[in-house]
Amino acid sequence: MSDEFLRTLEQNSKSFAWAGRLLPRPTLEDAAVLYSFCRAVDDAIDERPAAEGPEGLRAVARRVDEVYGSTRPSSPLVAAMRALATRRKIPRLYLDELVAGMRMDVVGHRYRTVEDLHLYAHRVAGVVGLMMCHVLGVAHDDALRPAAHLGWAMQMTNIARDVQEDWSRGRMYLPEVWLETELPTSEIPAHAVARLAEAVQKLLAHAARYYRSADRGLAMLDARSAFGIRSAAAIYAEIGEVIRSRGFDVTLGRAVVPSSRKLWLTGRALRSSVLQFPHRLWSARGAPRSTRLPPPALTLRFEDLS
């Protein structure tokens, strides 16, 4: 069954799949279960017509109830997520927050302020970083904030990359305060391109701040996991560099990092990891921490990060 979840990761996120290969196999399998579950939650909303959004929301809420319930799981994915949440002691709050982020999409939440953007980024991605702390066997509460911030940074990068696609769905995540006015929901007009470019530039500067915060948490991971997460962060941040090289023009299609560049970034991440963990990267001391290690004691909320 783990191969099925690994295929889901491979097919839907080239960047995460690339970096995932650098993780120890047991950690990768757990991460693939978490990714597959979060992906299913997202697809339950995005793959339905907008009018069916409320039903999709009810469906994902039922899945979360199943993960933390005792009834027979309705699917192998729910069963795998239940086993993972139990074994790694993943707090229910994080999956409830993920559903709350989906609710923001269903109701057509308007992002008037930067704080609105932060809340959305936390709910749909920051909590994934927090759950990954449990998957990675992190015991340090101090690792939680950097992990959440990595989720924020990646989500902001996603938003910058997908402005045109989101626009076609009638969604706009760029804060209205940056746009100075509410933009129309039809096809992106030529006069709006420059204004959107300025907002995307601000968004990527915001993301860079949170990538830097995330980097401070790598020392609290085991050596192999730090290498994998550092590579994933570098590859994702590079999407922003591709957007920058295009002058932040949101009409030029989805920004993609070439495989050759991913390889270069992975090599740079390896060098940084060797310097941070000399003689440990491939040794027994660099192996994943025991599942018996207690998880973080704190359950971090959005209010703790603002």
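Q: Why is D65 called partly exposed in this model?
A: In this predicted model, D65 has a relative accessible area of 41%; since partly exposed covers the values between the buried limit of under 20% and the exposed limit of over 50%, D65 is therefore placed in the intermediate class.

Q: What makes the contact between R92 and D65 a salt bridge?
A: The side chains of R92 and D65 meet at 2.5 Å, N to O, and because the criterion asks for a Lys or Arg side-chain nitrogen within 4 Å of a carboxyl oxygen of Asp or Glu, the pair qualifies. R92 lies in helix 6 (residues 92–106) and D65 in helix 4 (residues 53–67), so the salt bridge ties together parts that are 27 residues apart in sequence. R92 has a relative accessible area of 32% and is likewise described as partly exposed.

Q: How do you know that E238 is buried and R261 partly exposed, and which helices hold them?
A: The relative accessibility of E238 is 13%, and because buried means under 20%, E238 counts as buried. R261 has a relative accessible area of 30%, which falls between the 20% and 50% limits and therefore makes R261 partly exposed. The side chains of these two residues, E238 and R261, meet in a salt bridge at 2.9 Å, N to O; E238 lies in helix 12 (residues 223–245) and R261 in helix 13 (residues 259–276), so the pair ties together parts that are 23 residues apart in sequence.

Q: What makes R169 and D46 a salt bridge, and where in the chain do R169 and D46 lie?
A: R169 and D46 approach each other through their side chains at 3.5 Å, N to O, and because the limit is 4 Å, the pair counts as a salt bridge. The pair links distant parts of the chain, with R169 in the loop between helix 9 (163–168) and helix 10 (176–179) and D46 in helix 3 (residues 25–46), 123 residues apart. D46 has 18% relative accessibility and counts as buried, whereas R169, at 39%, counts as partly exposed. Both residues belong to a network of salt bridges that links D46, D105, R161, D162, E165, R169, R171 and R254, and the structure holds 19 salt bridges.

Q: Why is the protein chain called as compact as a globular protein of its length?
A: The radius of gyration of the protein chain is 19 Å, close to the 19 Å that the globule rule gives for 306 residues, so the chain is as compact as a globular protein of that length. The chain has 13 helices and 0 strands, and its C-alpha trace spans about 60 × 50 × 35 Å along the principal axes. Of the 306 residues, 54% count as buried, and among contacts between residues at least 6 apart in sequence, 72% join residues at least 24 apart.

Q: How do you know that the span of helix 7 is close to the expected one, and where is helix 7 kinked?
A: Helix 7 (residues 114–135) has 22 residues and reaches 30 Å from its first C-alpha to its last, to be set against the 32 Å expected at 1.5 Å a residue. Helix 7 nevertheless has a kink of about 50 degrees, centred on H122. Of the 22 residues of helix 7, 18 are buried, and the helix is accordingly described as mostly covered. After helix 7 comes G137, with a positive phi near 75 degrees.

Q: What makes the phi values of K89 and F248 worth noting?
A: Most residues other than glycine have a negative phi. K89, however, has a phi near 55 degrees, a positive value in a residue other than glycine, and F248 has a positive phi of about 65 degrees although it is not a glycine. K89 is found in the loop between helix 5 (76–88) and helix 6, while F248 is found in the loop between helix 12 and helix 13.

Q: Why is K89 called exposed and F248 called buried?
A: K89 has 52% relative accessibility, and because exposed means over 50%, K89 counts as exposed. F248 has 9% relative accessibility, which is under the 20% limit, and therefore counts as buried. Leaving aside residues up to four places away in sequence, F248 touches A197, V200, Q201, L204 and I243.

Technical notes. Residues numbered from 1 in each chain as written. Predicted model: local features only at pLDDT ≥ 70, side-chain atom pairs only at ≥ 80, totals over all residues. Heavy atoms only, no water. Helix = DSSP H or I, 4+ residues; strand = E, 2+ residues; numbered from the N terminus. Expected span 1.5 Å × (residues − 1). Bend = angle between axes of the 7 residues up to and from the residue. Buried < 20%, exposed > 50% of the residue type's maximum accessible area, 1.4 Å probe, protein only. Rg over C-alpha atoms; globule rule 2.2 N^0.38 Å. Contact = heavy atoms within 4.5 Å.
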